[in-house]
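User: I should like to learn how to read the features of a structure step by step. Could we begin with a pair of strands and then move outward?

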Amino acid sequence: MAARTLYDKLWDDHVVHQDDDGTALLYIDRHLVHEVTSPQAFEGLRLAGRKPWRTSSVLASPDHNVPTTDRSLGIADEVSRIQVETLDQNCSEFGITEFKMDDIRQGIVHVIGPEEGATLPGMTVVCGDSHTSTHGAFGALAFGIGTSEVEHVLATQCLIQKKSSNMLVKVNGNLPVGITGKDVVLAIIGKIGTAGGTGYAIEFAGEGIEDLSLEGRMSLCNMAIEAGARAGMVAVDAKTIDYVRGRPYAPKGDDWDKAVQYWQTLHSDEGAVFDAVVELDAQDIQPQVTWGTSPEMVVTIDGKVPDPLNEPDPVKKEGMLRAIEYMGLEANTPITDIRPDKVFIGSCTNSRIEDLRAAAAIARGRKVADNIKLAMVVPGSGLVKQQAEQEGLDTIFIAAGFEWREPGCSMCLAMNADRLEPGERCASTSNRNFEGRQGQGGRTHLVSPAMAAAAAISGHFVDSRKLSVE
Amino acid sequence: MEKFTTLDGIVVPLDRANIDTDAIIPKQFLKSIKRSGFGPNLFDEWRYLDHGEPGMDNTQRSVNPDFVLNYPRYQGASILLARKNFGCGSSREHAPWALEDYGFRVILAPSFADIFFNNSFKNGLLPIVLSEDLIDQLFTEVESQEGYRLNIDLEKQTITKADGSTIAFAVDAFRKHCLLNGLDDIGLTLQHADAITAYENNRRKQSPWLFQ
């Protein structure tokens, strides 16, 4: 057999049927469901008198609308409450496992899937959420779908798909100390642009990627969609297998040995051909900060807000002018002069235990600066929160002046009560700096957890490595 | 799904690259558990001067006269002319629902984000990719000629201008077939139910851990 890429292998393993024009029926192993993109899909099933094909493939949890403050009173916003209750009713009616709002396992679907071992190497994983690419960190084929497709997967266990092209993004050499998966992916997006990966499945490889922990790889793959690629992935290695071992949904006994044997084949073959190859030198990657309203509008911490006058492309120049105006910035301002009003540490990109440890390491023994109106830490799941509390991270954050919240998507997209007010500037560990994303008129700067914590402490953006304990 | 065969309509130019689905339909409207009624909140933050929330009477809100969709000359438009990477970001299908509910049936752009592109076809909305040069030319024509219309014929895969000249466009054969006939994907897939069952049985044998 010809040499195949990781994506080729995952694709081939899941094709149920293929037409001559390449349109394929792809089998789906794991379907994650949340409250926002599923109600119309369940309603569609009911109207057509259909049932889910395989309920054991589905795992649900409310995450977008849930409050991050005291939950004993329920959800104050009625529309949000109805949406969460609708998920509860649908899961109960169709016999789907759901981690409800009061379950310790509740959390952001892209955090709980891997945490439970419900995301496994070699799987196809889908969810009505673009950040499903996260799960590609496990050598899985994972991508976001729309609500019609959510209904389609529920009803048929399959999706109608055409194969994407193969792109290899190679990070050569070892990462400098203090550089995270978030910095790597922002640097990649800065290089290839927000549409650079459109039509491709991206495999991330090279020493710089191998250096990352599974949680770092999740932050990386999470933002493949911000480079335009529906799916991002990393080959299976020993770290992947160690991470999965012993998790509730992970295989046990003989199944485990058999699974590991298969998982070890989940890498691109020597000589496999990619349609596009992009290479970066790990040593060049510095802490990243976005300055504009698209994730590609990114510079390093020692950089400046770029000057649109230097941009030759008229459409791009117009976009830059608009972004600078929206962000309330001026061209050529050093990034370290930018002062946030709020700091948000959380989201499916950066709310796992290692993210919280990195932020706590900066916050330990220090205080949030006076100009910061609110600094909040929102763990990705109830179990992450529990783990952090066992390690005393909550105490560190609270002592420094951060708020310690309940798990959910929170201010990444502000569907619940956590949001920016018009004109407010935020250092955020989330994934999108679009206009209005964190609240109408809000201004978002995307950074890693250590960089967000460092901005909270300093009152302006600063290289977090300068605050790290020697 | 509503069929799409031909369309003759007014074109509105939205001259910005990388329009994301957060801009197309802001998050507060995603709390609805319905598929319809999103049209009045399409591009909400650009279209109105005040902050929109679900349940507001949108006819009483102050509109932004500088936003192109509000120009009198573009009222009743059913074709949206856009720039590259249209529909990037969130997978929310509420974006094509809002565009369709507003009255759009066709979007012309040099490129689309993958998930949005896919979602559009499921909702009777036809996204057409044209070269940057053609899109530039259309922007010039639309902005200079009031009442500018185009005629779209999906069967023939042509866009016809008022002067009779035509532009050919490409479309995936399967998607074209579904759109022309208003076909339900699920029904089509379930014709392969036996193949799905056979695949699944085999997979259960080979990888039993996936079925716990």
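Analyst: Let us begin with two strands of this predicted model. Strand β15 (residues 342–345) of chain A and strand β18 (residues 425–428) of chain A run parallel and are joined by three bridges. Within this pairing, Phe344(A) stands opposite Ser428(A) in β18(A).

User: What do strands of a sheet pair through?

Analyst: In general, the strands of a sheet pair through backbone hydrogen bonds, and the arrangement is either parallel or antiparallel. In chain A, five strands form an open sheet with parallel pairing, in the order β17-β16-β15-β18-β19. At its edges lie β17 (403–404) and β19 (443–446) of chain A, each of which pairs on one side only.

User: Where is Ala414(A) found, and is it buried or exposed?

Analyst: Ala414(A) belongs to the loop between β17 and β18 of chain A. It has a positive phi of about 60°, although it is not a glycine. To judge burial, one counts neighbours: a residue is buried if 20 or more other C-beta atoms lie within 10 Å of its own. Ala414(A) has 22 other C-beta atoms within 10 Å and is therefore buried.

User: How many other C-beta atoms lie within 10 Å of Asn18(B)?

Analyst: For Asn18(B) the count is 26, so this residue is buried. Asn18(B) is found in the loop between β1 (6–13) and α1 (21–24) of chain B. Its phi is positive, about 55°, although it is not a glycine.

User: How should the overall form of chain A be read?

Analyst: One compares the radius of gyration with that expected for a compact globule. For 470 residues the expected value is near 23 Å, and chain A has 21 Å, which agrees. Buried residues make up 60% of the chain A residues. The chain contains 15 helices and 19 strands.

User: How many residues of chain A are in contact with chain B?

Analyst: There are 56 such residues in chain A, and they are in contact with 47 residues of chain B. The element giving the most to this side of chain A is α5(A), with six residues. By type, the residues of this side divide into 21 nonpolar, 26 polar and nine charged.

User: Why should one look at pLDDT?

Analyst: Where pLDDT is low, the predicted coordinates should not be read in detail. Chain B averages a pLDDT of 96, and 100% of its residues score at least 70. The model as a whole scores ipTM 0.95 and pTM 0.97.

Terms used
Residues numbered from 1 in each chain as written. Chains lettered and ligands numbered in written order. Predicted model: local features only at pLDDT ≥ 70, side-chain atom pairs only at ≥ 80, totals over all residues. Helix = DSSP H or I, 4+ residues; strand = E, 2+ residues; numbered from the N terminus. Rg over C-alpha atoms; globule rule 2.2 N^0.38 Å. Buried ≥ 20, exposed ≤ 12 C-beta atoms within 10 Å, placed from the backbone. Contact = placed C-beta atoms within 7 Å. Nonpolar A, V, L, I, M, F, W, Y, C, P; charged D, E, K, R; others polar. Pairing = 2+ DSSP bridges. pLDDT = per-residue confidence, 0-100.
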